[in-house]
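Colleague: Please take me through one chain of this model at close range. I would like its overall build and then a few details of its interior.

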Amino acid sequence: MPTAIEQPLISADPTDLIPKRLARARPLFDPEILGRATKQSFVKLNPVTLMKNPVMFVVEVGAAVTTVILVRDLFGGGAAIGFQVQIAIWLWFTVLFANFAEAMAEARGKAQAEALRKTKTDSVAKRLLGSGKTEEVTSSQLRSGDVVICETNDIIPGDGEVIDGIATVDESVITGESAPVIRESGGDRSAVTGGTKVLSDHVKIKITSNPGETFLDRMIALVEGAERQKTPNEIALNILIAGLTLIFLLAVVTLQPFAAYSVASTGLGHVPSVAVLVALLVCLIPTTIGGLLSAIGIAGMDRVMQHNVLAMSGRAVEASGDVNTLLLDKTGTITLGNRQAVEFLVVEGVTELDLADAAQLSSLADETPEGRSIVVLAKEKHGLRGREVGEHEARFIPFSAYTRMSGVDIDGRMLRKGATEAIINFVVEQGGTAPASFRELSDRISRSGGTPLAVADGPRLLGIVHLKDIVKGGMKERIGQLRAMGIRSIMITGDNPLTAAAIASEAGVDDFLAQATPKDKLEFIRKEQAEGRLVAMTGDGTNDAPALAQADVGVAMNTGTMAAKEAGNMVDLDSNPTKLIEIVAIGKQLLITRGALTTFSIANDVAKYFAIIPAMFLTTYPVLGHLNIMKLHSPESAVLAAVIFNALIIIALVPLALRGVAYRPQGAAALLRRNLLIYGVGGILVPFPGIWVIDRLLAFLRLA
Amino acid sequence: MTTPGVLQIVVFFLVVVALTKPMGLFLTQVYEGRRTFLHPVLRWLEALIYKLCGIREDEEQKWTQYSFALILFSVVGVVLAYVLQRAQGHLPLNPQNFGTPVMTPDLAFNTAVSFVTNTNWQSYSGESTVSYLIQMAALTVQNFLSGAAGIAVAVALTRGFARQQVKTIGNFWVDLTRGVVYVLLPLSIVGALFLCSQGVIQNLKPNVVVQTLEGAQQVIPMGPVASQESIKMVGTNGGGFFGANSAHPFENPTPLTNFVQLVMIFLIPAGLTYLFGRMVKDTRQGWAIFATMSLLFLIGVAITYPAEQAGNPILTKLGLDSTSGNMEGKEVRFGVSASSLFAVVTTDASCGAVNAMHDSLTPLGGLVPLFNIETGEVIFGGVGAGLYGMLLFAIVAVFIAGLMVGRTPEYIGKKIEQKEVKMAMLALIATAASILIFSGISSVVDFSKTGYWNPPGAGTANLTNSGPHGFAEILYAFSSGAGNNGSAFGGINTNTPWYNLTMGLDMLIGRFLFIIPLLAVAGSLAAKKRVATTSGTFPTHGPLFVGLLAGTVVIVGALTYFPALALGPIVEHFLMYSGKLFAAVVGSLPIWS
């Protein structure tokens, strides 16, 4: 990323669900983006494109009408030219400001897309021929089904699957993360993405995409907004504000005959000029939300992208705000990937030191995280250092699924560790016995959610190492936040129900699905959906694909298989399953921003009436001056101040629209109360001082 | 304000609160087709109607079929009412020999539409225009049917919320029949008997001419009043037998009948809020709607009553005693409190009966009824109309503010999406357009005095008052029409082809372009899945929602009509306090109500 400057985008509240450091964040007002957006604001004045936004189109028509009348009056010698000029200018500014907001959001996406496009060079691929030889072709000549060879420093020419070999790959182009990842044939780490680079070794890759359809291509199209379609909620909101615009159009158009009646009846004053009527109309129609609506949507997508998540549609982001149930995989999401030794439990007559010593020795050659955690625990608890076993005569017995134990034969001792049953069998074979209390000990550990690892020295049972799933730090708090947001979190695990229950209670999840097969997952999702809930989940394996496709929000891990990525509607480029929680928060933030600005926009109208109505009829009905509660300077200054406020508020709210409103996880009632107060009541109150200040300024500058 | 005055309002409100649940339970039984305590007496009638009309009781309709049935039924109703009125000279029960000339085609059209749409706007005075047969067979019949149709729509919309993943929303013919047989008929019979006991007349005699003490001759009108009076209230129709409506001693003789009539207006609308909660299986939702309506009702009374009690400052300055308040246009037997309460209640509901002349209310006192009508009469509202109108606002409120909880909007477990928003906006726009455009044209339009359309000349020539008060009269008339209220500010002669036809259209738009979109909403909602409720769901049963909903009603109404209201009652209010009044401009026209 060329200008990946990190900066906090959200308030510095510690309870914030949305983290502050974002790989792809860029400053809100990047000079380059600003320049491009300013230019686009004028291009977007084209009525053909503006017509898609009914509110701003009405403003543009109003501005045009005012301008035409102004020109006519300039030559025909009409009155109040200065006032009309200012009204016309500010009406045009209103449209420009709204265009600018949208252009800003789009420009930010475009900048991202360009950065990506730069990485998309036409590389040379070594295509494998039937004869076993390779030929050099450009990546654009590759078709789905071709097989290519990639060696150290080669750019992988297209999306595909490793069918042979293992390699380290630099995927920073896609993920922004520079640490290399391992890609190997078979299993869930076989997918590779075009544009990434092989750092070591060589692999055979079967290409799975055609040119122009690669992941990178789709990513560019998405961030650029080319594929952006209005989301259902956005369309509905558009209908609402278009409807309100029509109602206000009626109110203002019919005000003309009402005024004519009043003027005829009192014989005083005159019917408001077209400029004033247009000004009133523009002030009343929801220009704030009308101008910012599409920017909010684009920025929401962009925000997801900044979190290194690729949403395939805006609909998916919207749906994530609605999620009721979150399926979280136990391993890697709720717990650290591996179990860790936490305790040595001895049988009668054995010291803990003996057990620790035997356990450590038997684990010295064990490279699994569990084995290493035993070595570490023995060191921490009993000061036992990992010994060089080279000086001893040692033969390591590796773990096998058949024996279900591993160990070492050292200095004539046969140290073994493994599943309780396996070790008991081993001990009995060696002529020893297993006390009943041993089994009880083992069961107790199982019940508490741990995994018992029995240790024996030949015929002698030593004890048990308690292996435990470690719940990630802060997980319980996050799940608590989810609950506050009204979201149920369900832990999915392959463990038995006993173990699952223990971890579930430790992590504080609402429910769990134990011994879950992919089919169970799918059925669970269907059941939740049948009860009217929206479900979100993450997954990476091919067998997750059906569930990912069924879920309302399915986040596939970038490290996952192609099938998983195709099935989900989002891809997390960091492959961090916990990010699901953030995605939900971003979805909610997007919806709240929309609602807040709509409420604010409509609430603003109250003050504008108090500014404009008395000004309009001051000569016809001087008593209406009672409604001039802001004590505005003159009818002209009042109307102008309202129009200027209306225009400036759009530009003032651009940062809010692009960043989203501050969001903290809490229940709907509390959230509603807070936001209604800020954007509803605030929306009614804020324009009063705002218009007043502008009015004073206008009077001071003798502009009205 | 006086203590008895305030007490009367408080007691009235408490009685409504007390009746809401029992009435709602009964209505729920009726519309869910369960057995009620009236079944032993009335089931045969219901069954007979089904048999005669070939209605299959267990057959359900999609929203399109339901709407079609409603429209078809209304068209037939309009045609029948029109023909009967035009032919009244040739029909029996016409002791005053009202001929066809008084019932002009435009007036007959206006009246037919008016009664079929539950508006009961009357461009005529019953005692000088309409025969007893027409009063009974055309008008009273429509009072029952239009009321039952309104309730049917509200129940159908409620079913939309209550059901899930089905295509149908009930059967219009069955809902209509049940509403008439079990609800409106028994209530009106009981009501009519009570009113008779209090002195309301019920006969078919010709008018009585008597010699007064001064020796002058006075005509005392007669007729089958009680039977029409009762349904006029419980069906929130509001079309009086006499021009003076419930101010007439033969319609509303005593303070007790006045009180009972007030309760009759709110009885079914209040009960329907409970039915709503009951049918969606969360009575809190119904009470929240009830609370919103109550809040707005009490605010309305709290503005009107003091405004009327304060009287006219100009008269006070002249040294007149202001302790009795503004008694102009009010009946002495009711006084300021009962009249203010009646004005608010009749416009909260789309009843439109009056016991005092709204034209003579103080500007603020008159602003409240006008605003009540313009916000769609959702404060208890017309039978059915109040509930479906308030649900429309609930949809709008939830859609705007619901996003602020971070979910796409939902109400009663139903997602509020494109279709619902589109239909809600369509209904709001249609009503606003009708009121504003017709009022706008009528304020400036000019006709030839010799022409057909408007013999008085300009659209404003029909007014008896000038200035903002005159304007308010026009605005009130079209608001009353589109809102299907039927009460009049008075002071405007609308019995000309121009006003009769435009108001007829106004009433049709206000009724059907409001109902059809809402039935579409009902159909769309019924087809949806019910979303699970969690602590992340927008709570729509607490005080917060009540405040939000009330705020939405007021703000949407205020934003739409503020400019018009500013040039009417608002400016008149300020002018009155600066010492200016708007007296009648031309001699004296008859009082139209």
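Modeller: What follows goes from the whole chain to two of its residues.

The model is predicted, with pLDDT of at least 70 needed for local features and 80 or more for side-chain atom pairs, while totals for chains, interfaces and linings use all residues. Residues count from 1 along each chain as written, chains are lettered from A and ligands numbered from 1 in written order, and side-chain values use heavy atoms without hydrogens or water.

Chain A contains 24 helices and 21 strands (DSSP runs numbered from the N terminus, H or I of at least four residues for helices and E of at least two for strands). Its C-alpha atoms occupy a box of roughly 120 × 65 × 45 Å along the principal axes. The radius of gyration of chain A is 34 Å, against near 27 Å for a compact globule of 704 residues (taken over C-alpha atoms, the globule rule being 2.2 Å times the number of residues to the power 0.38).

Of the 704 residues in chain A, 57% are buried (under 20% relative accessible area, with a 1.4 Å probe and protein chains only). The accessible surface of chain A is about 27,700 Å², and carbon and sulfur atoms supply 58% of that surface (Shrake-Rupley method, 1.4 Å probe). Among contacts in chain A with a separation of 6 or more, 69% join residues 24 or more positions apart (contact meaning heavy atoms within 4.5 Å).

One residue to look at is Leu640(A), which lies in helix H22, residues 635-659 of chain A. Leu640(A) counts as buried because its relative accessibility is 0%. With neighbours within four places in sequence left aside, Leu640(A) touches Phe83(A), Gln86(A), Ile87(A) and Trp90(A), and also Leu698(A), Leu703(A) and Ala704(A). For one of these partners, Leu698(A), there is a C-alpha distance as well: 8.4 Å from Leu640(A), at 58 residues along the chain.

The other residue is Asp73(A), part of helix H3, which covers residues 54-76 of chain A. Asp73(A) has 11% relative accessibility and therefore also counts as buried. Apart from neighbours within four places in sequence, Asp73(A) is in contact with Gly78(A), Ile81(A) and Gln84(A).

Key
Buried < 20%, exposed > 50% of the residue type's maximum accessible area, 1.4 Å probe, protein only.
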